[in-house]
Amino acid sequence: MNKYKQLPRLMVFSIVAQKQSFTEAAKYLKISKSAVSQQITTLEAEFGVRLINRTTRDLSLTSAGVKLLDRCRVLQDQFALIFNDLEELGVSPKGRFAVTYPHSLESTIVLPVIEQICIEFPNLEPVLIADDTPIDLVANQIDVSIHIGELPDSGYRALPIGSLTELFCATPLYLNKHGNISSTEELCCHRWISTSWQQPNTKVTCTATGKVNSIVLNEFAKSNTLPGTIGMALKHLGIALIPDIVAKPMIQSGNLVHIAKHIRGPEWPVYSVHAYQTEKPIHITRLHQLICRKFQEM
């Protein structure tokens, strides 16, 4: 006997038992009275036990029927919960959806992901906040933060996305004017354009050996945003340390050159952070999935 096939019959039985009428149960279920009767007869035959005593005027439950009805009430409650959950899953999220992130992720990661989020959840109203300084989620009504670097202690939930590695870059014109750069000594002699989070005393890694060294770069200019740093570098003013996910498209286009390729700058973990303590909304889960996919593609 396939027990799962009995589920609809159990539901029919519970309606008949609660309505105390085949006729009323048929109306409620929007099927014929004979179909209701057939379901009960089949259920009793399958289990080999009488559940309902029938007369021409009335019906009553047997002792087995009374016991089964108690179980079916629990089953009905679970059915209701399941369908409520399914209905909630089908409801499209709507309203304000605030996301904060560093400038370095805006064009290559966040904007393409938000475009897809708006296609899948058209009732959302994105609020994008590019800021290289971490913003408190609750105080600023932020739904998700994309965080680069080690996480501070907090009660927020963090999901790993990937990592960023900073690459030394310069324009072809700058290199034509000042010469190629291939060693740490040469890096330290050139004018370096920094961002707000970078310091002249910087740890670099030799990709061939994995050895980590500290070098002191020659800071020439500074910007509080990555776009500002890149903008100065693109004006041929000096070299810059740029996250790989941002640098690679510009290297492929020829606007920048990856210099001293065997030397890389610091590596930073990347997380998506949210304040939901229970099950997070479906669009936040989807945002994390899409960002992870973008990092993998890069």
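## Exercises: strands, helices and single residues

P160 finds its bridge partner in strand β14: the residue is Y271. Keep that pair in view as you start, and remember that the model is predicted.

**Exercise 1. Strand β14 and its neighbours**

Task: Find out how β14 pairs with strand β5 and with strand β6, and decide how covered β14 is.

Solution:
- Step 1. Begin with strand β6, residues 157-170, which pairs with β14 in the antiparallel sense over eight bridges. The pair P160 and Y271 is an example of a bridge to β14.
- Step 2. Turn to strand β5, residues 144-148. The pairing of β5 with β14 is also antiparallel, and here there are four bridges. Look for S145, which faces V273 of β14.
- Step 3. Now check how covered the strand is. β14 runs over residues 267-274, and six of its eight residues are buried, so "mostly covered" is a fair description.
- A reminder for reading such pairs: strands of a sheet are held through backbone hydrogen bonds, in either a parallel or an antiparallel way.

**Exercise 2. A histidine in β5**

Task: Is H147 buried or exposed, and which residues does H147 touch?

Solution:
- Step 1. Locate the residue: H147 belongs to strand β5.
- Step 2. Take its relative accessibility, which is 12%. Buried means under 20%, so H147 is buried.
- Step 3. List the contacts, leaving out residues up to four places away in sequence: H147 touches P134, P152, P269, V270, Y271 and V273.
- Step 4. Look for a polar partner. The H147 side chain comes to 3.2 Å from the backbone oxygen of E150.

For comparison, try H258 in strand β12, residues 257-258. Its relative accessible area is 18%, so H258 is buried. With the same sequence neighbours left out, up to four places away, H258 touches L167, F168 and I251.

**Exercise 3. An open sheet**

Task: What is the strand order of the open sheet that contains β8, and which strands stand at its edges?

Solution:
- Step 1. Write down the order: the three strands are arranged β9-β8-β13, with antiparallel pairing.
- Step 2. Read off the ends. β9 (212-216) and β13 (263-264) are the edge strands; each has a single partner strand, so one side of each lacks a neighbour in the sheet.
- Step 3. Look at one pairing in detail. β8, residues 201-206, is joined to β9 by five bridges. In this pairing T205 lies opposite V212 of β9.

**Exercise 4. Parallel partners**

Task: How do β10 and β11 run relative to strand β7?

Solution:
- Step 1. Compare β7 (residues 191-194) with β10 (residues 218-222): they run parallel and are joined by four bridges. W192 has E219 of β10 as its bridge partner.
- Step 2. Do the same for β11, residues 239-243. This strand is joined to β7 by two bridges, again parallel, and I193 stands opposite A240.
- Step 3. Finish with the side chain of R191, whose charged end sits over the ring of F220 at 4.1 Å from the ring centre.

**Exercise 5. Checking two helices**

Task: Test whether helices α1 and α10 have the span you would expect at 1.5 Å a residue.

Solution:
- Step 1. Helix α1 covers residues 7-19 and has 13 residues, so the expected span is 18 Å; the end C-alpha atoms lie 19 Å apart, and the two values agree.
- Step 2. Helix α10 has 16 residues, for which 22 Å is expected; its end C-alpha atoms are 23 Å apart, which agrees too.
- Step 3. Ask which residues are buried. In α1 they include R9, L10, M11 and V12. In α10, H283, I284 and R286 are among them.
- Step 4. Step just past α1, where Q20 has a positive phi of about 55 degrees.

**Exercise 6. Distance in sequence and in space**

Task: How far apart in space are R293 and I161, and how far apart are P281 and F220?

Solution:
- Step 1. R293 is part of helix α10, residues 282-297, and is partly exposed because its relative accessibility is 42%. R293 and I161 are 132 residues apart in sequence, yet their C-alpha atoms are 8.9 Å apart.
- Step 2. P281 sits in the loop between β14 and α10. P281 and F220 are 61 residues apart along the chain, and 46 Å separates their C-alpha atoms.

Conventions:
Residues are numbered from 1 along each chain as its sequence is written. This is a predicted model: local features need pLDDT of at least 70, side-chain atom pairs count only at pLDDT 80 or more; totals for chains, interfaces and linings use all residues. Side-chain values use heavy atoms; hydrogens and water are left out. Buried means under 20% relative accessible area, exposed over 50%, partly exposed in between (1.4 Å probe, protein chains only). A charge sits over a ring if NZ of Lys or CZ of Arg is within 6 Å of the ring centre and within 35 degrees of the ring normal. Two strands pair if DSSP finds at least two bridges between them. The expected span of a helix is 1.5 Å times one less than its number of residues. A polar contact is a pair of N or O atoms within 3.5 Å; within protein, one must be able to donate a hydrogen and the other to accept it, and residues adjacent in sequence count only if both atoms are side-chain atoms. Contact means heavy atoms within 4.5 Å.
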